Protein chains: 2
Amino acid sequence: MNILPTPQQLRYLLALADHGHFGRAAAACAVTQSTLSAGIIALERQLDAALLERSQAKRPIFTPLGLEVLARARVALASLAAVTETVAAARDPLTGPLRLGVIPTIGPFLLPRLMPALRHAFPRLKLWLREDQTEHLVAALESGRLDVLLLALPCACGQAASLPVATDPFLAALPEGHRLAALDSVPVAALAAEPLLLLEDGHCLREHALDACGLPKSMGTVGEGFAATSLHTLVQMVAGGLGVTLLPRLAVAGGVLAGSGVVVRPLRPASGSAPPGRTLALAWRDRSPRAPEFRSLAPAIAAAIGGG
Amino acid sequence: MNILPTPQQLRYLLALADHGHFGRAAAACAVTQSTLSAGIIALERQLDAALLERSQAKRPIFTPLGLEVLARARVALASLAAVTETVAAARDPLTGPLRLGVIPTIGPFLLPRLMPALRHAFPRLKLWLREDQTEHLVAALESGRLDVLLLALPCACGQAASLPVATDPFLAALPEGHRLAALDSVPVAALAAEPLLLLEDGHCLREHALDACGLPKSMGTVGEGFAATSLHTLVQMVAGGLGVTLLPRLAVAGGVLAGSGVVVRPLRPASGSAPPGRTLALAWRDRSPRAPEFRSLAPAIAAAIGGG
DNA sequence: CTGTTTCCATCGAAGGTTTCGATGAACATC
DNA sequence: GATGTTCATCGAAACCTTCGATGGAAACAG
């Protein structure tokens, strides 16, 4: 019962899965091919199970059981690393590498302000960035490829712990001279009656905007081919008179309008409703040893947003 | 960055935490005291952190950081063991030790039938039993002291995965000669108007019964001191004329009435409501490597309940 | 068909790590 | 202050991992 695989063996297995080649996997582990080969054979013997189908010619193929073991091995090595991380994080909070994922409707507008602030506040933090849509970020977070996310709630962020850092109200974005632009604030209902342009599917802002307007999720954009791929292109489409849209205040403060001629107006919510907007939040694996660090990142980010 | 603790070191640490004594911990690990001592010192040196306060006289004390490391170490060793378990479970489903937790309102009535059935269906399964209230079982499940639970839904079973195995309707239990006993079936409302006896707090059946009667959770029993500690004592109290109660059909089939003179009648739900009852379910850690095994346990249990 | 190349498994030897038993030092108890 | 308990330290022995070399199988080219 109590013969555990050695971490070495699991590392060899992971490397083999990543490289699909004994020789290259061995090189990646900085051992010789014979060592890696023997290590994996020993693992298979200990477990008394075939994890691989080998062949001289083709890349080795993992058996179904091998794939399961592989997944467990990743978890096991990660939780072993978590022991070390716990100590490192306790001794030296907010230093070392930190992999931050951020959604495209936040990143370009906040990072130019946030990064210098973080560099100043935590000079020993090495921040790696990845910009992607919520769904991909959450997957990367859960599989350990990212440490923290900066995204917009509400979202399906699974088992992650999250902490709101700011609210980000939506503004009505209108072409110059649009009749609604004459108003001080635009009622939500009036905006919803206009041709509404949106980001393409997969951007959480699309759903948040539809929700803010009280429209169903399935609603398409005007002309299916014209869903925008970024807020910048969306603004250009509004400037071109194709329709109107909602923009997060953060993006406007971040300069998304950039001389496009598009004007923004505050939204007036339907009476009794909350002002339409989204909540920016930090998220992390709730079992991460660095959770306390991440929590203490929130004020710095809130300051960067507020100070815009 | 990439120097991980060895599983050995973590085992030594766990043993020390369990025994509070280097010598005894070493014995438990089947190594000498010097080996264990050196192992833990090496771990502290590698992590570059004090995990223990040592003293010749008193048992060693874990530092706060030491306690955190300890918790991580347990997780790490468990996930290492999960690799092995994955293989063992795939090769030999439903063999070996299985630690089953069961709530007191199921156990005494189902196990006498269930155990022989399981022994017959899975002769190589070594079933360890623990009877306790839902809350304690769930805690034991999550900390790895139990593998599977047999409990009643709805309940707060946290992150556990669960699978319903049977519905267990409630029956009205009345003293012999009670006027409601003259009816073929007792309306819920009529029962709720009687003095209602319940199990003491902590038993999920208490809340399920109150819920079935449409009564608030805070409702006390008739005479605070008289909350019953088991279904058997509850039946005796009903027999003694102190009031009426609800019994799960499973318990009645399991012989809880046992010549007490108490009679049971089906409950007639308020029109439009579902028949009052509870759902019996299996639950397990959703990441357990043995999850497929546990799932395949459900039919056997359902059969044991149905065949009552 | 044959020589060449690529790939993975096997083997003995070298090197490193872990473990043991003995010993030493600190502390409490009597 | 004598004694017993507890944990750290040390050198030697056992153990395990790794290496480089070698072998055999499969694809490929000529």
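This briefing covers the interface of chain A and chain B and the protein surfaces near DNA strands C and D. The model is predicted. Between chain B and chain A, about 2,800 Å² of area is buried. Each DNA strand has 19 protein residues around it, as given for strand C and for strand D. Sugar and phosphate account for 70% of the atoms of strand C that come within 4 Å of the protein, and for 71% of those of strand D.

**Interface of chain B and chain A**

- The contact involves 31 residues of chain B and 31 residues of chain A.
- Carbon and sulfur atoms give 67% of the area of about 2,800 Å² buried between the two chains.
- The rule finds 2 salt bridges across this interface. One of them joins the side chains of D48(B) and R91(A), with an N to O distance of 3.8 Å.
- Polar contacts between chain B and chain A number 9 residue pairs, counted where both residues are at pLDDT 80 or more.
- On the side of chain B that touches chain A, helix 1 (7–19) and helix 4 (64–91) of chain B are the elements giving two or more residues. Helix 4 of chain B gives the largest share, with 18 residues.
- By class, the residues on that side of chain B are 20 nonpolar, 5 polar and 6 charged.

**Surface near DNA strand D**

- Residues of both chains come nearest to strand D: Q8(A) and T35(A) from chain A, and S34(B), S37(B) and R54(B) from chain B.
- Sugar and phosphate make up 71% of the strand D atoms that come within 4 Å of the protein.
- Two contacts go to phosphate oxygens of strand D. A polar side-chain atom of S37(B) lies 2.3 Å from one phosphate oxygen, and a polar backbone atom of F22(B) is 3.1 Å from a phosphate oxygen.
- A base is also contacted: an N or O atom in the side chain of Q33(B) is 3.1 Å from a base nitrogen of strand D.
- At least two residues each are supplied by helix 1 (7–19) and helix 3 (33–47) of chain A, and by helix 2 (22–28) and helix 3 (33–47) of chain B. The largest share, 4 residues, comes from helix 3 of chain B.
- The surface near strand D divides into 7 nonpolar, 11 polar and 1 charged residues.

**Surface near DNA strand C**

- The closest residues to strand C are S34(A), S37(A) and R54(A) of chain A, with Q8(B) and T35(B) of chain B.
- Of the strand C atoms that come within 4 Å of the protein, 70% belong to sugar and phosphate.
- From chain A, an N or O atom in the side chain of H21(A) is 3.4 Å from a phosphate oxygen of strand C. A backbone N or O atom of F22(A) lies 3.2 Å from a phosphate oxygen of this strand.
- From chain B, an N or O atom in the side chain of Y12(B) is 3.1 Å from a phosphate oxygen of strand C.
- Helix 2 (22–29) and helix 3 of chain A, together with helix 1 and helix 3 of chain B, are the elements that give two or more residues to this surface. Helix 3 of chain A gives the most, with 4 residues.
- The surface near strand C has 7 nonpolar, 11 polar and 1 charged residues.

Definitions and conventions. Residues numbered from 1 in each chain as written. Chains lettered and ligands numbered in written order. Heavy atoms only, no water. Contact = heavy atoms within 4.5 Å. Buried area = accessible area lost by both parts, 1.4 Å probe. Salt bridge = Lys/Arg side-chain N within 4 Å of Asp/Glu carboxyl O. Polar contact = N/O pair within 3.5 Å; in protein donor to acceptor, adjacent residues only side chain to side chain. Nonpolar A, V, L, I, M, F, W, Y, C, P; charged D, E, K, R; others polar. Near = heavy atom within 4 Å.
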